[in-house]
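Good morning, everyone, and thank you for making the time. Before I say anything, please take a moment to look through the sequence and the model on the screen.

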Amino acid sequence: LWLTSTLAAILLIVTVQDPADMDVGKFTRITTFLRIFVSLLLGFFMSASVQRWWECVEAYIVLCGTVRNLQMMLLACKAPRNEVAQALRYGVISAKLLHMELHVQALPSDEQAAADR
């Protein structure tokens with residue numbers, strides 16, 4: 001990139017005698033277009049990212065609610081206390097494992113390999 005810009009500057013110095021004669025209005029219009037285009041793409045990216053995050057949050061809330069409902073159903077059906085406690089432990093550990101997996105996926109790729117071991 002540095003070499004390309006240096007070559008463009010040298011070419012400009014050699015070919016243009018008076019820089020004031022250059023029409024830079026076209027570059028201003030291109031800059032405005034690119035600024036709007038990049039802003040639009042960034043907006044779409046942020047919208048999609050927030051939507052994915054919100055879906056993950058809702059799924060986690062559903063998981064926790066399901067564990068709570070399972071416990072209430074088992075208690076209402078007069079299941080043995082030790083089996084209710086075991087089912088509750090399984091539900092809590094599944095939520096904890098999901099939480100840890102999401103943290104590992106957020107790590108840089110070189111740290112993910114170490115965390116998977």
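Let me begin with the term I need: two rings of Phe, Tyr or Trp, with the six-membered ring taken for Trp, are called a pair if their centres lie within 6.5 Å. What you are looking at is a predicted model, and a search of the whole structure finds two such aromatic pairs.

One of these joins phenylalanine 33 and phenylalanine 37, whose ring centres are 6.0 Å apart and whose planes meet at 15°, and because planes under 30 degrees apart count as stacked, this pair is stacked. Both phenylalanines belong to helix 2, which covers residues 25-76, and they sit four residues apart, or about one turn of the helix. As for their surroundings, phenylalanine 33 counts as exposed, at 53% relative accessibility, while phenylalanine 37, at 40%, counts as partly exposed.

The other pair is made by tryptophan 53 and tryptophan 54, and here the arrangement is tilted, with 5.8 Å from centre to centre and 45° between the planes. Tryptophan 53 has a relative accessible area of 52% and is exposed, whereas tryptophan 54, with 46%, is partly exposed.

Let me turn to the cysteines, and ask how many disulfides the count comes to. With sulfur atoms required to lie within 2.5 Å of each other, the count comes to zero. Cysteine 64, for instance, is in no disulfide, and the nearest cysteine sulfur, which belongs to cysteine 56, is 13 Å away. Cysteine 64 counts as partly exposed at 35% relative accessibility, and cysteine 77 is exposed, with a relative accessible area of 63%.

Next, the helix packing: how do helix 2 and helix 3 run relative to each other, roughly parallel or roughly antiparallel? Helix 3 takes in residues 81-105, and its axis lies 9 Å from that of helix 2, at an angle of about 175°. Since an angle over 145 degrees counts as roughly antiparallel, that is the description that applies to helix 2 and helix 3. On the side of helix 2 the contact is made by Tyr60, Leu63, Val67, Leu70, Gln71, Leu74 and Leu75, and on the side of helix 3 by Arg81, Val84, Ala87, Leu88, Gly91, Ser94, Ala95, Leu98 and His99. Sorted by character, the residues of this contact comprise 11 nonpolar, four polar and one charged.

In the loop between helix 2 and helix 3 we find lysine 78, a residue other than glycine that nevertheless has a positive phi, near 60°. Lysine 78 counts as exposed, at 74% relative accessibility.

I would like to finish with two individual positions. Asparagine 69 is found in helix 2 and counts as partly exposed, at 36% relative accessibility. Its C-alpha atom is separated by 60 Å from that of arginine 29, which is 40 residues away along the chain.

Alanine 115, by contrast, is found in helix 4, made up of residues 109-116, and is partly exposed, with a relative accessible area of 36%. Between alanine 115 and glutamine 105, which are 10 residues apart in sequence, the C-alpha to C-alpha distance is 9.5 Å. And which residues does alanine 115 contact, once its neighbours within four places in sequence are left aside? Those residues are Val104 and Leu107.

Conventions:
Residues are numbered from 1 along each chain as its sequence is written. This is a predicted model: local features need pLDDT of at least 70, side-chain atom pairs count only at pLDDT 80 or more; totals for chains, interfaces and linings use all residues. Side-chain values use heavy atoms; hydrogens and water are left out. Rings of Phe, Tyr and Trp (its six-membered ring) pair if their centres lie within 6.5 Å; planes under 30 degrees apart count as stacked, over 60 as edge-to-face and the rest as tilted. Helices (H or I, at least four residues) and strands (E, at least two) are DSSP runs, numbered from the N terminus. Buried means under 20% relative accessible area, exposed over 50%, partly exposed in between (1.4 Å probe, protein chains only). Axes are lines fitted to C-alpha atoms, for helices over the stretch in contact, and angles run from 0 to 180 degrees between N-to-C directions. Angles under 35 degrees count as roughly parallel, over 145 as roughly antiparallel, 65 to 115 as roughly perpendicular and the rest as oblique. Contact means heavy atoms within 4.5 Å. Ala, Val, Leu, Ile, Met, Phe, Trp, Tyr, Cys and Pro count as nonpolar, Asp, Glu, Lys and Arg as charged, and the others, Gly among them, as polar.
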